[in-house]
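Colleague: Before we rely on this model, could you take me through how its sheets and helices are put together?

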Amino acid sequence: MLGSRGTSTPSPYDSFISYSRAADGLLGPALRDGLHQFARPWYKLRALRVFCDARSLSASPGLWTTIEAALDASRCFVLLASPESARSVWVRREVEHWRSLEPGRPIFIVVTDGEIVWDHAAGHFDETLTTALPESLLRWFTEAPLWADLRSIRSQSDLSLNNPAFLDAVATLAATLHDRAKDELVGEDVRQHRLARRFRRFSWTGLSVLTTAAVIAAAAAVNAANIADIERIRADAQRRQALSYLLSDRGIQVGDSDPIVSGLLSATAWHFDHTPEARYGMLAALASPVRAILNSHTFHGGAVAFSPDGLTLATGGTDGTTRLWDPATGQPIGDPIKDGGTALSFSPDGETLAVAGTDGTIRLWDPSNRKTIGNPLVGHRSTVWALAFSPDGKTLASAGQDATARLWDPATGQAIGAPLTGHTGEVSGVAFSPDGKTLATSGRDGTTRLWNPATGKPVGKPFKGHTDEIRAVTFSPDGTTLATGGYDGDIRLWNPATGKPIGKPVKGHTSVVTGLAFSKDGRTLASASWDGTARLWNPATRQPIGDAFTGHSGHVIAVAFSPDGRTLATAGEDGTARLWNTAARQPITDPLTGHTGEVSQLAYSKDGKILVSSGEDGTIRVWDRRTGKQIGTPIPGKSGFVWPVALSPDDKTLAIGDDDGNLHLWDMVTRRPIGAPIKAETSAIVVLAFSPDGKTLATAFRQGLIQLWDPATRRPITDPIQAHDDVVHEIVYSPDGRTMATTGGDTAKLWDTATHRPIGAPIPDVTWLALSPDGKLLATVGEEGTVRIWDTADRRPKGSFKDRTGTISKVAFSPDGATLATDADENVQLWDTATTKPIGNPFKGNTDSIWALAFSPDGKTLASSDDAGKILLWKVNLPADPFPSVCAAAGRSLTEQEWRRYLPPGTPFQKVC
C-alpha cells in the first residue's frame with residue numbers, strides 16, 4: 001500500500017492527510033480520529049499523531065505556511081484519492097510539495113471515488129483510465145502500489161470504528177504507520193483494551209465495590225465490543241469471499257451463452273473479493289469474441305444489416321418488427337419499427353432502409369426519423385426473403401417465396417419491368433455485382449442465376465453444384481467471385497464470368513448455410529448456418545479463420561460485416577442479434593514468411609519492436625514486429641541446423657551458436673560480426689542465454705555441458721559444467737540474475753549463479769521450462785504433456801494442467817507472469833497461472849507443429865513459429881486489471897433483475913461498474 005522510496009527520520013507527525021473537502025470533508029477528519037484511537041496504549045492520549053487541516057489548523061494568517069510546515073514534519077502522506085481531489089488546487093500543491101522532499105517519505109493511497117488503474121506493461125498508472133489521481137502521481141511510483149478502497153463508505157454513519165469496512169481501512173493504514181503486521185496490530189488493539197481494563201481495576205481498588213464493578217463491566221464491554229468488531233470484520237471478509245466464489249462459478253456457468261453477463265458476474269465477484277477465480281472469469285469474458293448481445297425480437301431474428309457509415313445496425317424478425325441499434329453501445333435507437341422483419345437493406349447513401357415482411361410488401365423508411373418514404377412496393381404475393389440496393393441506389397432488387405425476383409425504382413415506388421422468372425421454387429437470395437451490371441439470384445431449386453438488371457434478361461446458364469436448395473448468395477467486393485450457400489451445408493465459390501466453380505466446396509458447417517457476406521476488403525467471407533454457428537473463411541485458401549462463433553441457441557439466419565470489417569453481426573432464430581469481434585484470436589499481420597523449414601528460435605528486443613528468428617533453412621532473420629516485414633538481409637547460417645540465438649539486454653549484440661561449437665557475436669546496428677568466432681567446444685551449441693545484466697553469456701552443448709562466458713572479454717568465466725546427462729533444451733535466468741534454470745536429460749535444475757552449483761535436487765520429468773519474470777514461478781512440461789507450475793522458493797507444485805486438444809511441448813510466461821502460453825500441436829492456448837484454466841479459445845493459424853513461443857516485452861503480442869517455417873504474431877488482450885475493461889465492454893452493471901437471479905436473497909443491490 002506504500003509507494004516506498006526508502007526510510008525517513010522520526011518527525012512530529014506520523015502522517016499528513018490530504019483530501020478534497022468537497023468530496024471527503026467528513027471522511028478525512030474521521031480517518032484522523034480513527035488512527036488516533038486504534039491500538040492506542042492505555043497510558044497515551046493517541047496512538048498516532050496525524051495532521052488533518054479540518055482538525056489540526058489553528059487560527060493563522062499564513063495558511064499555506066502552516067500546511068507546508070506540517071508536510072515537512074510528517075513521516076507519511078495519506079492521499080484520499082477522488083476525481084475532486086485530483087482537480088483540487090490545494091491537494092495538487094500538497095502533493096507537489098511532498099514530492100519535493102527527500103525521497104524516503106512514502107505515499108499511501110485511499111480511494112474514495114473514481115478509478116485508479118495500474119498499467120503493468122508501461123510501469124505506471126494508466127493515464128486514460130485513472131481518474132482519481134493528480135497528474136503528477138501517474139508516473140511517480142517505480143512499482144505498482146497497493147491501495148485501500150473506501151468507495152463503499154458514503155454516509156456519516158459509516159465513519160465509525162463499528163463499521164467493519166472503515167475499521168479495516170484504519171487497521172490497514174495504522175499497520176503501515178506502526179510498521180507492524182495488520183493482524184498483529186489488531187491483536188495489539190485488543191491487548192491495549194485489556195491493559196486499560198487492568199489498569200483501571202488496580203487504580204480504583206479503593207473505590208466502592210459498586211463503582212469498581214461498574215468500571216470493570218464497562219471495560220469488559222469495551223473489550224467485548226472490540227473483539228466483536230474484529231469478529232464482524234472476519235465474518236464480513238468470509239461472506240464477501242464466499243459471494244465472490246459463488247458469482248465466479250455462476251459466471252463460468254453462463255459462459256458463451258451470454259459472455260456479457262458472465263463478465264459482469266465475475267466483475268461483481270471481484271467487487272466483493274479479489275479472488276483468482278473472479279479475475280479469471282473476467283479474462284475469460286474478455287477473451288470471448290462476443291461484443292454485445294441484442295435481445296432484439298420476440299421470435300425468430302431473420303435479417304441484419306449495417307448502415308454504410310457503420311453507425312446503425314438494423315435487425316428484423318418474424319415478429320413483424322424492425323429495430324435500429326447503436327453497434328458501439330449495443331443500445332436500441334428509438335422504438336421498434338412495427339413493420340417487416342424478414343429482409344432488410346440500406347441504400348448506399350444510408351438515407352433509406354428497405355424493409356420487407358411475410359405479407360410480400362416492401363416499405364421504404366427514413367432511418368433518421370423512422371418514418372415511411374412514399375407508398376409501399378406491392379407485387380410479391382407472399383414472404384420476401386431478400387433485398388438488395390444497386391451500388392448507385394437507383395434500383396432495389398427483391399427475392400420472394402412466390403418464385404420471382406423483382407426490380408424496383410425506390411424513387412417512384414414502381415416496379416421496373418416484369419418479374420424475373422426462371423427459378424422453379426422460392427427465390428431465397430439476391431445480390432448486385434459491385435459495378436451494378438449483374439444481378440445474382442439463388443433459389444431453392446438448387447440453382448444460381450445471373451441477370452442483366454437493365455434488360456431483365458438472364459445472363460448465361462444457371463450455376464449448378466449444390467445437391468439441394470441454395471439459401472444465400474453474395475458477390476465479392478471486386479466482383480470476381482460469387483459465393484453461394486446451400487442446404488447441403490456447403491459453400492461454393494464461382495467465377496461469375498465463366499460460371500465455373502473456383503476450387504472445391506468449402507466445408508465446415510453441418511447444416512444449412514443461410515447467410516453469406518464478404519468483408520469490404522474481400523479477404524474474409526462470413527457464413528451463417530442452421531447448425532447454430534457463424535464462421536469466418538479465407539476465400540483465397542477456402543480454409544476457416546479461427547473457431548466458429550457459438551452462442552445462439554438456435555439456427556443462425558443472417559450475417560453482416562460492419563464497413564470496417566471489425567464487427568460481424570448475426571441474427572438468430574432465438575430472437576437475438578449478436579455482435580462479434582472479427583479480430584479475436586486472429587494474427588495481427590500476415591504470416592512472417594521467408595524461412596523454408598522449422599523455426600525453433602525466437603527472440604524479442606527489449607523494446608519489443610524487433611523479433612529475431614532462426615530456422616532450419618540456415619538463416620537468421622530480423623523482423624519489424626509492427627509491419628511484419630523483414631529488416632535487411634538474412635544472416636547466413638548453415639542449412640539443416642537451427643542456430644541458437646540470444647539478444648543482449650541492451651539489444652546491441654546478437655549471440656549465435658553453430659553446430660561446430662563456435663560462438664558468434666554480431667553488432668545489431670551494423671549487422672556485422674564482432675571479431676572472429678569464439679571456439680567454445682567441439683560439439684554443437686544448442687542453447688544460448690544472456691544474464692539480465694548482460695555480463696554473462698551461457699552456452700549449452702549437446703552432451704549436457706554448460707559454459708559461462710564474459711561477452712566483453714570473450715573469455716570463459718567457468719570451465720564446462722556437466723549440467724545434465726543429455727542435450728540441454730533450455731536456459732533461463734531469474735530477473736535478478738542470481739538463479740539460472742536449465743532442462744536436459746528429462747530433468748530441470750536450478751543453479752546458484754554465484755557458486756555455479758545446483759540448488760536442491762533435480763526436478764524430474766521435465767522436457768521444457770519457463771521462469772516467470774519475477775522469478776517466483778517455474779513452469780515445466782513433462783513427457784506426457786502435463787504442465788506443472790512450481791513455487792521456486794519452496795520448490796513445491798502449485799498446480800498442473802493438460803490440454804485436451806493436443807500434447808503440450810512448449811511453454812512461455814507473459815511479462816507479468818499472470819499468463820502462460822502453450823502449444824498444442826498446431827494451436828496456441830493461453831492459460832491463467834493462478835487458476836491453471838484456459839483463457840478463451842486457441843489461436844489457430846500455424847499449419848504445422850509449433851516449435852517456439854515468445855511474448856513481446858509489453859505482453860501485448862505473442863509470436864509462434866512452426867515446423868513449416870511460418871511465424872505468426874497474435875494480439876494478446878489480457879489487462880492486468882480486467883475490471884475496468886469488463887465494465888467498459890458491457891457498458892453497464894448487472895440489472896436488478898439479474899442481481900436477484902444470480903445473488904443470494906437479501907444481498908443489497910449495487911451497481912459495481
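Colleague: In the open sheet of 5 strands, which strands stand at the edges?

Modeller: In this predicted model, the sheet is open and its strands follow the order 2-1-3-4-7, with parallel pairing. Each strand at an edge has a single partner strand, so one side of it is left without a neighbour in the sheet, and this applies to strand 2 (50-51) and strand 7 (148-149).

Colleague: Which residue in strand 3 stands opposite Ser18?

Modeller: Strand 1 (residues 15-18) pairs with strand 3 (residues 77-81) in the parallel sense, and 3 bridges join the two. Within strand 3, the residue that stands opposite Ser18 is Leu79.

Colleague: At about what angle to strand 3 does helix 6 run?

Modeller: Helix 6 (residues 89-100) lies across strand 1, strand 3 and strand 4 (107-111). Relative to strand 3, the direction of helix 6 is at about 150°.

Colleague: Are helix 4 and helix 6 parallel, perpendicular or oblique to each other?

Modeller: Helix 4 (residues 63-72) packs on helix 6 with the axes 10 Å apart and an angle of about 40° between them. An angle under 35 degrees would count as roughly parallel and one from 65 to 115 as roughly perpendicular. The angle here falls in neither range, and therefore helix 4 is described, relative to helix 6, as oblique.

Colleague: How many charged residues are there in the contact of helix 4 with helix 6?

Modeller: Helix 4 brings Leu63, Trp64, Ile67, Glu68, Leu71 and Asp72 to this contact, where they meet Trp90, Arg93, Glu94, His97 and Trp98 of helix 6. These residues divide into 6 nonpolar and 1 polar, while the number of charged ones is 4.

Colleague: Turning to helix 10 and helix 12, what is the handedness of their crossing?

Modeller: The axes of helix 10 (residues 259-272) and helix 12 (residues 882-890) come within 9 Å and cross at roughly 140°, which makes helix 10 oblique to helix 12. The crossing of these two helices is left-handed.

Colleague: How many nonpolar residues does the contact of helix 10 with helix 12 have?

Modeller: From helix 10 the contact takes Ile260, Gly263, Leu264, Ala267 and Trp270, and from helix 12 it takes Phe883, Val886 and Ala890. Among these residues there is no charged one and 1 is polar, and the nonpolar residues number 7.

Colleague: Which residues of helix 12 make the contact with helix 11?

Modeller: Helix 11 (residues 276-287) and helix 12 have axes that come within 10 Å and cross at roughly 45°, and the two helices are therefore oblique to each other. Their crossing is left-handed. On the side of helix 11 the contact is made by Arg279, Met282, Leu283 and Leu286, and on the side of helix 12 by Pro882, Phe883, Ser885 and Val886.

Colleague: In the sheet with the order 25-26-27-28, which residue stands opposite Pro501?

Modeller: This open sheet has 4 strands with antiparallel pairing, and strand 28 (500-501) stands at one of its edges. Strand 27 (residues 491-495) is joined to strand 28 by 2 bridges. The residue that stands opposite Pro501 is Trp494.

Colleague: Finally, where in the protein is confidence lowest?

Modeller: The mean pLDDT of the protein is 86, with 91% of its residues at 70 or more. Residues 194-211 stay under 50, and the model has 15 contacts for them beyond four places in sequence. Confidence is highest in strand 19 (residues 405-409), at a mean of 97, and lowest, at a mean of 51, in helix 8 (residues 182-203).

Technical notes:
Residues numbered from 1 in each chain as written. Predicted model: local features only at pLDDT ≥ 70, side-chain atom pairs only at ≥ 80, totals over all residues. Heavy atoms only, no water. pLDDT = per-residue confidence, 0-100. Contact = heavy atoms within 4.5 Å. Axes fitted to C-alpha atoms, helices over the stretch in contact; angles between N-to-C directions. Parallel < 35°, antiparallel > 145°, perpendicular 65-115°, else oblique. Nonpolar A, V, L, I, M, F, W, Y, C, P; charged D, E, K, R; others polar. Pairing = 2+ DSSP bridges. Left-handed = near helix turned anticlockwise from the far one by under 90°.
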